[in-house]
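Subject: Structure handover and notes

Hello,

Here is the structure for you to take over. My notes on it come after the sequence and model.

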Amino acid sequence: MTTIVIEKSQDGSYRGFTCMGHAGYAKNGDPDVLCSAISALSIHTINGLKMAAGQKLDLSTNEETAFIRCIIKDTPGEGARCLMKAFENSVKQLSEQYGEKFLLIQFKEVKDNA
């Protein structure tokens, strides 16, 4: 199962996200389409935050354990808010479609680190 934790500050500003674990959706040696979708959304969001929104990020990854942690280091702007909201909506839809057995979305309140 993949768990995604979306972090927000007390005022509701997005501060980042963490993805942990392989979804385990694939059967009979087929490619795991759910893991692929989560990876694509995560990488798209990270690239958008860096390149389009100009955010400074703290990134940690481990390909073997399917771990990605992306923390927004500076004050998130409107572009970051839009990208993170789109990420949240997309992973929620995937969780609804494939089930929490494979993808669990959680939220965590964190201190503002900007």
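Below are notes on a helix pair, a pocket and several single residues.

Please keep in mind throughout that this is a predicted model.

Helix pair

I started with helix α1, residues 33-52, and helix α2, residues 78-98. Their axes come within 9 Å and cross at roughly 175°. An angle over 145 degrees counts as roughly antiparallel, so α1 is roughly antiparallel to α2. On the α1 side, the residues that meet α2 are V33, L34, A37, I38, L41, S42, H44, T45, G48 and L49. Their counterparts in α2 are A80, L83, M84, F87, S90, V91, L94 and Y98. By residue class, this contact divides into 13 nonpolar and 5 polar residues, with no charged ones.

N89 also belongs to helix α2. At a relative accessibility of 35%, N89 counts as partly exposed, because that class lies between the 20% limit for buried and the 50% limit for exposed. From N89 to N47 the C-alpha separation is 18 Å, with their positions 42 residues apart along the chain.

Largest pocket

The largest pocket holds about 260 Å³ of space. Its lining is made up of 15 residues, and S39, E63, A66, F67 and I68 are the ones nearest the centre. Two or more lining residues come from each of β2 (14-20), α1, β3 (57-62) and β4 (67-72). Which element gives the largest share of the lining? That is α1, with 4 residues. In terms of class, the lining has 8 nonpolar residues, 6 polar and 1 charged.

One of the residues nearest the pocket centre, A66, deserves a separate entry. A66 sits in the loop between β3 and β4. The phi angle of A66 is positive, at about 55°, although A66 is not a glycine.

Strand β1 and the loop after it

Two residues of strand β1 are on my list, T3 and S9. The strand covers residues 2-9, and T3 is found in it. Is T3 buried or exposed? T3 counts as buried, because its relative accessibility is 14% and the cut-off for buried is under 20%. Apart from residues up to four places away in sequence, T3 touches T18, C19, M20, L104 and Q106.

S9 is likewise found in β1. Its relative accessibility is 4%, so S9 counts as buried. With residues up to four places away in sequence left out, S9 touches R15, E109, V110 and D112. The C-alpha atoms of S9 and F102 are separated by 27 Å, and these two residues are 93 residues apart along the chain.

D11 lies in the loop between β1 and β2. Here the relative accessible area is 61%, so D11 is exposed. How far apart in space are D11 and E109? From C-alpha to C-alpha they are 9.3 Å apart, while in sequence they are 98 residues apart. E109 also appears among the residues that S9 touches.

Loop between α1 and β3

The last entry is G54, which is found in the loop between α1 and β3. When neighbours within four places in sequence are set aside, G54 is in contact with L49 and D74. L49 is also one of the α1 residues that meet α2. G54 and Y25 are 29 residues apart in sequence, and their C-alpha atoms are 34 Å apart in space.

Regards

How values were computed
Residues numbered from 1 in each chain as written. Predicted model: local features only at pLDDT ≥ 70, side-chain atom pairs only at ≥ 80, totals over all residues. Heavy atoms only, no water. Axes fitted to C-alpha atoms, helices over the stretch in contact; angles between N-to-C directions. Parallel < 35°, antiparallel > 145°, perpendicular 65-115°, else oblique. Contact = heavy atoms within 4.5 Å. Nonpolar A, V, L, I, M, F, W, Y, C, P; charged D, E, K, R; others polar. 1 Å grid on protein atoms, 1.4 Å probe; cavity = no way out; pocket = protein on both sides within 12 Å on 5 of 7 lines; lining within 4 Å. Points joined across faces, edges and corners; volume = space filled by probe spheres on them. Buried < 20%, exposed > 50% of the residue type's maximum accessible area, 1.4 Å probe, protein only.
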